[in-house]
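Please open the structure in your viewer and keep the sequence at hand. The tour below proceeds by selection, one stop at a time.

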Amino acid sequence: MKKLVVYYSLSESTRYIANSIAEATGADVIRIRPKNEIKREGIMKYIQGGRQVLRGEEPELEDFENDLSGYDMIFVGTPVWASSCAPAIKAFLRHVDFRGLEEGKMAFFACCGMSKGNAFEDMKNAISGSEMEIIGEKSFKEPVKGDVKKAKDAMDWAIEIINRIEVYM
Ligand SMILES: Cc1cc2nc3c(=O)[nH]c(=O)nc-3n(C[C@H](O)[C@H](O)[C@H](O)COP(=O)(O)O)c2cc1C
């Protein structure tokens with residue numbers, strides 16, 4: 001089974017979880033990067049990032065491998081911004097053509113300070129119209145690098161999903 005982890009991360013928490021999932025499942029990894037990144041430090045990141053979400057902006061993305069045909073399972077990860085997913089992930093979900101993925105499955109994960117808010121609903125809306133089946137969702141509170149317990153939670157969650165699919169393949 002071909003697996004993929006796609007994620008965006010501003011301050012590396014989502015990256016940590018994404019890499020843990022990839023390590024556990026042998027998935028390929030794509031990191032989504034906006035052409036113009038917001039500030040990484042201080043209060044400005046909240047102002048700039050929050051504004052993007054509230055205005056419904058979708059940043060232009062740096063090039064990435066967007067032919068995802070052949071993948072059976074795609075994990076998509078985002079930080080929670082203003083109770084939603086990060087705009088870069090929304091842009092990714094809206095612009096990739098998932099039609100080549102027959103019986104393609106997806107699971108969403110999110111990293112947050114306090115709560116996942118509407119992140120998963122907003123991700124689902126971004127792929128509405130595609131045939132992708134969402135088979136898992138999980139959020140992680142501030143999983144800073146080195147938080148072995150959260151990495152293990154992520155690995156166990158991803159492995160359980162893969163095992164569940166393999167039963168039906
Ligand atoms: C612009 C911005 C908005 C945020 N909004 C929320 C929020 O609404 N709810 C929440 O729980 N955390 C919020 N956070 C915190 C992040 O979701 C959290 O720190 C996350 O782990 C960051 O992931 P990253 O390191 O991969 O970028 C926000 C962070 C930023 C930068």
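What follows is a short guided tour of a predicted model, with a pocket, a strand and a single residue as its stops.

**First stop: the largest pocket**

Begin by selecting Y46, P79, V80, W81 and E142, which lie nearest the centre of the largest pocket. The space in this pocket amounts to about 440 Å³. Its lining consists of 21 residues; by character, these divide into 9 nonpolar, 9 polar and 3 charged.

Next, colour the elements that contribute to the lining. Helix α1 (13-25), helix α2 (44-54), strand β3 (73-81) and strand β5 (105-112) each supply at least two residues. Which of the elements gives the largest share of the lining? It is α2, with 4 residues.

**Second stop: strand β5**

Now select β5, residues 105-112. This strand is mostly covered, as 8 of its 8 residues are buried. To see how the covering is arranged, show the side chains in two groups. Select K105, A107, F109 and C111 for one side of the strand, then M106, F108, A110 and C112 for the other. Both faces are covered, and the residues in these two groups are all buried.

**Third stop: the neighbours of β5**

Add β3 to the selection. β3 and β5 run parallel and are joined by 7 bridges. One pair to pick out is V76 with F108, its bridge partner in β5. F108 has already appeared on this tour as one of the buried residues of β5.

Then select strand β6, residues 133-141. β5 pairs with β6 as well, again in the parallel sense, over 8 bridges. Here A110 may be selected together with S139, its bridge partner in β6.

To follow the chain from β5 to β6, display helix α4, residues 119-126. Together, β5, α4 and β6 make a β-α-β unit, and this unit is right-handed.

**Last stop: T14**

Finally, return to helix α1 and select T14, which is found there. Is T14 buried or exposed? T14 counts as buried because its relative accessibility is 1%, and buried means under 20%.

Show the surroundings of T14 next. Leaving aside residues up to four places away in sequence, T14 touches Y7, Y8, S9, G77, T78, P79, F109 and C111. Among these contacts, P79 also belongs to the group nearest the centre of the largest pocket, while F109 and C111 lie on one side of β5.

To close, select T14 and I89 together: they stand 75 residues apart along the chain, and their C-alpha atoms are separated by 12 Å.

Conventions
Residues numbered from 1 in each chain as written. Predicted model: local features only at pLDDT ≥ 70, side-chain atom pairs only at ≥ 80, totals over all residues. Heavy atoms only, no water. 1 Å grid on protein atoms, 1.4 Å probe; cavity = no way out; pocket = protein on both sides within 12 Å on 5 of 7 lines; lining within 4 Å. Points joined across faces, edges and corners; volume = space filled by probe spheres on them. Nonpolar A, V, L, I, M, F, W, Y, C, P; charged D, E, K, R; others polar. Buried < 20%, exposed > 50% of the residue type's maximum accessible area, 1.4 Å probe, protein only. Pairing = 2+ DSSP bridges. Right-handed = clockwise from strand over helix to strand, strands pointing away. Contact = heavy atoms within 4.5 Å.
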